[in-house]
Amino acid sequence: LSSYMKAPVKIDTSEFVLSPMPGTLISYAVNVGDTVEPGQELCIVEAMKMQNIIRSPREGVIAACKVQVGSSLKADEAIIEFESGEEEEQEETA
C-alpha cells in the first residue's frame with residue numbers, strides 16, 4: 001500500500017520563526033528591518049501562565065512581524081518572517 005501513498009509535501013520554513021506551542025503573543029523585542037543574530041530575543045509567548053522567550057535561530061533581517069501583540073497563537077504558526085537570503089545577496093552586490 002505504501003507505493004500508492006503520496007509523498008508528503010515538504011514546506012520550507014527556514015524564513016520563519018514558528019510558535020513552539022499554543023499561547024498568546026505578549027511582546028516583540030524587534031522591529032521590521034532590524035538585523036538579528038543567533039540567540040537574540042525576538043518575542044515573548046505566554047503559555048499556561050509561563051512566559052517563553054523566543055530566540056532567533058539564525059542571523060538575518062526581520063521582514064515582517066506576522067502576528068499582533070495580544071493575539072492567540074497555534075502551535076507552528078509563523079510569528080516572524082526573515083528576509084530571504086536571495087534578497088540579502090542582491091542588496092550586497094548593488
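Reader: Why is the contact between Lys-66 and Glu-81 called a salt bridge?

Author: A salt bridge needs a side-chain nitrogen of Lys or Arg within 4 Å of a carboxyl oxygen of Asp or Glu. The side chains of Lys-66 and Glu-81 meet at 3.2 Å, N to O, so the pair fits the definition. This is a predicted model, where local features need pLDDT of at least 70, side-chain atom pairs count only at pLDDT 80 or more, and totals for chains, interfaces and linings use all residues. Residues are numbered from 1 along each chain as its sequence is written, and side-chain values use heavy atoms, leaving out hydrogens and water.

Reader: What makes Lys-66 partly exposed?

Author: Buried means under 20% relative accessible area, exposed over 50%, and partly exposed in between (1.4 Å probe, protein chains only). Lys-66 has 47% relative accessibility, so the label is partly exposed. Glu-81, with 23%, is partly exposed too.

Reader: How do you know that Arg-58 and Glu-15 form a salt bridge?

Author: Their side chains meet at 3.0 Å, N to O, so the cut-off given above is satisfied. Two salt bridges turn up in a search of the whole structure.

Reader: Is Glu-15 buried or exposed, and why?

Author: Glu-15 has a relative accessible area of 19%, so it counts as buried. Arg-58, at 24%, is partly exposed.

Reader: What makes Arg-58 lie over the face of Phe-82?

Author: A charge sits over a ring if NZ of Lys or CZ of Arg is within 6 Å of the ring centre and within 35 degrees of the ring normal. Arg-58 lies over the face of Phe-82 at 4.3 Å from the ring centre, so the distance condition is met.
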